[in-house]
Amino acid sequence: MAVTLRSLEVAVPDTVLRQEEVREVFAAQPGLSRLASRLVTAAFATSGIERRHTAVSEMDLSRTVEDPVFFDARTRQILNPSTATRNDLYVEVATELYTRAAAAALASCEGVEAADVTHVITVSCTGFFCPGPDYRIVRALGLNPAVQRYHLGFMGCYAAFPALRQATDICRADPDAVVLVVSTELCSLHVRVTDDPDTILGASLFGDGAGAAVVTGRDLPSTRPVLRLDHFETVLTPVGEEAMAWNIGDHGFEMVLGTYVPHIIDEHITGALEPLLARDPSLAGRAYEEIEHWAVHPGGRSIVDKVEARLELRPEQVTASRETLRDFGNMSSATILFVLRNILEQPLGAGSERVCAMAFGPGLTVETALMTKLAADVAPEADLPEVQPRAVEPEPAGAR
């Protein structure tokens with residue numbers, strides 16, 4: 001049966017970070033070595049980012065706050081609050097973004113009301129609280145208190161894919177199911193000042209935002225394009241475990257984001273795509289550029305560059321990724337939802353267009369998905385590709 005993503009909405013905090021302004025603030029921080037200051041300037045200048053949003057309203061350079069906790073606008077100094085203080089702000093701002101994005105997704109989903117939602121899946125790796133965001137969404141939106149709830153936590157930038165895959169599996173098992181998927185990430189809460197290159201790179205990239213989607217197998221009318229969710233796959237690259245990680249420290253979460261990550265992706269992206277594309281016989285032997293849209297998680301500009309070059313894509317095929325990076329930065333797991341929303345908003349004639357989506361995270365994990373963008377007047381079942389069974393690797397001798 002066909003399962004479709006029928007609405008997709010996003011939300012961001014009000015405070016905007018202008019990349020050039022923030023670069024000057026970071027480069028001038030006391031205690032940074034001269035080498036680190038030069039690295040700040042280079043990382044910010046080559047990021048491909050013009051603006052980002054932050055949950056830290058103190059980072060608004062136009063205002064001064066009495067007794068600042070995160071940023072002192074008078075001295076232009078970035079402060080170093082505890083992990084607990086950072087998480088307290090996460091609870092406050094993330095709750096608002098979760099519920100705002102979820103409410104918008106429901107409001108824009110034709111044929112679905114709050115009472116129809118059967119499952120809620122929330123995603124985040126930048127904070128914790130319990131009762132969690134799944135609970136807060138049910139209460140704030142007046143959902144049925146018997147709604148089944150799941151939270152995917154601390155998986156990193158690829159986590160929206162397991163959430164969408166789980167939603168798809170639920171809908172295939174229950175044709176009446178309506179699943180609300182919501183990802184919220186407040187990466188900027190964990191910014192620190194240090195000479196560490198990984199931390200500097202993260203400070204130049206990460207922003208805050210939320211995305212929410214309604215997924216269902218119900219046959220509903222739609223006056224706007226929708227995404228049919230066709231196939232999902234997960235691949236672990238043979239190297240890279242030490243190149244990307246997300247650890248909890250005393251003063252925020254600590255990012256490990258090695259500069260070698262784009263090279264790992266460059267070397268292994270075609271192999272990671274093989275099991276996904278093998279699921280659809282219509283794609284056998286076709287060039288990558290024949291898939292109309294590529295939703296690449298813009299973990300950084302160099303990652304999008306590597307994927308575009310290795311797969312020999314046309315620049316316009318990754319426009320959604322570059323525009324998302326330019327306007328919002330890397331918002332961890334929520335980012336790919338912004339990219340998909342950009343693709344949904346692009347003009348579409350009658351018929352359908354294929355979408356190949358991917359994201360990368362600790363492991364090094366590559367999550368991929370095949371989707372089909374359908375015009376408003378196209379039935380979700382139209383030209384549904386035959387599902388090929390997953391290949392099962394033989395169990396090595398002595399494994400049992």
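**Entry 1: helices and the second largest pocket**

A helix here is a DSSP run of H or I at least four residues long, numbered from the N terminus. I am working on a predicted model. I began with the second largest pocket, which holds about 290 Å³ of space. Its lining has 18 residues, and Ala55, Ser57, Leu89, Glu92 and Val93 are the closest to its centre. I then asked which element gives the largest share of this lining. Helix 3, residues 83–107, does, with 8 residues. By class, I noted 8 nonpolar, 4 polar and 6 charged residues in the lining of the second largest pocket.

**Entry 2: the largest pocket**

Next I looked up the largest pocket. Its volume is about 650 Å³. The lining is made up of 43 residues. Nearest the centre I found Leu201, Gly202, Leu205, Leu257 and Gly299. The lining splits by class into 20 nonpolar, 18 polar and 5 charged residues.

Which elements supply at least two residues each to this lining? I listed helix 6 (197–205), strand 11 (244–249), strand 12 (252–257), helix 7 (261–277) and helix 8 (301–310). Helix 6 has the largest share, 7 residues.

I also wanted to know where the largest pocket lies relative to the domains. Domain 1 (4–216) and domain 2 (226–374) both contribute lining residues, so the pocket lies between them.

**Entry 3: helix 6**

I stayed with helix 6, given its share of the largest pocket's lining. Is this helix mostly covered or mostly open? It is mostly covered, with 7 of its 9 residues buried. I wrote down the buried set: Asp198, Thr199, Ile200, Gly202, Ala203, Ser204 and Leu205. Their packing partners are helix 1, helix 2, strand 3 and strand 12. Gly202 and Leu205 are on the buried list, and both are among the residues nearest the centre of the largest pocket.

**Entry 4: the cavities**

I turned to enclosed space. The count is 2 cavities of 30 Å³ or more. The largest cavity holds about 140 Å³ of space. It is lined by 17 residues, and I found Phe26, Val56, Met59, Ser188 and Val191 closest to its centre. Helix 1 (19–27) and strand 3 (51–54) each give at least two residues to that lining. By class, the lining of the largest cavity has 13 nonpolar, 2 polar and 2 charged residues.

The second largest cavity has a volume of about 70 Å³. I listed its lining in full: Phe26, Leu32, Val40, Phe44, Arg192, Val193, Thr194, Thr199, Ile200 and Ala203. Phe26 is thus a residue I meet in the lining of both cavities. Helix 2 (34–45) and helix 6 each supply at least two residues to the lining of the second largest cavity. Helix 6 gives the most, 3 residues. I sorted this lining into 7 nonpolar, 2 polar and 1 charged. So helix 6 contributes to the lining of the largest pocket and also to that of the second largest cavity.

**Entry 5: Cys157**

I checked the UniProt record next. The unreviewed entry lists Cys157 under "active site". I placed Cys157 in the loop between strand 7 (148–153) and helix 5 (160–173). Is Cys157 buried or exposed? Its relative accessible area is 10%, and the cut-off is under 20%, so Cys157 counts as buried. I set aside neighbours within four places in sequence and looked at its contacts. They are His297, Asn330, Ser332, Ser333, Ala359 and Phe360.

**Entry 6: the C-terminal annotation and Leu283**

The unreviewed UniProt entry also carries "domain: Chalcone/stilbene synthase C-terminal" over residues 236–373. I found this span to be 35% helix and 26% strand. Its end C-alpha atoms lie 27 Å apart.

I then picked out Leu283. It sits in the loop between helix 7 and strand 13 (293–296). With a relative accessible area of 7%, Leu283 is buried. Beyond four places in sequence, I found Leu283 in contact with Leu277, Ile291, Arg354 and Leu370. How far is Leu283 from Glu50 in space? I noted 36 Å, C-alpha to C-alpha, with their positions 233 residues apart in sequence.

Technical notes: Residues are numbered from 1 along each chain as its sequence is written. This is a predicted model: local features need pLDDT of at least 70, side-chain atom pairs count only at pLDDT 80 or more; totals for chains, interfaces and linings use all residues. Side-chain values use heavy atoms; hydrogens and water are left out. On a 1 Å grid over the protein atoms alone, a cavity is a set of points where a 1.4 Å probe fits but cannot get out, and a pocket is an open set with protein on both sides within 12 Å along at least five of seven lines; lining residues have an atom within 4 Å of a point. Grid points are joined across faces, edges and corners, and a volume is the space filled by probe spheres set on the points. Ala, Val, Leu, Ile, Met, Phe, Trp, Tyr, Cys and Pro count as nonpolar, Asp, Glu, Lys and Arg as charged, and the others, Gly among them, as polar. Domain bounds come from an automatic or database domain assignment. Buried means under 20% relative accessible area, exposed over 50%, partly exposed in between (1.4 Å probe, protein chains only). Contact means heavy atoms within 4.5 Å. UniProt positions are given in the numbering used here, feature names are shortened, and annotations may be inferred rather than shown by experiment.
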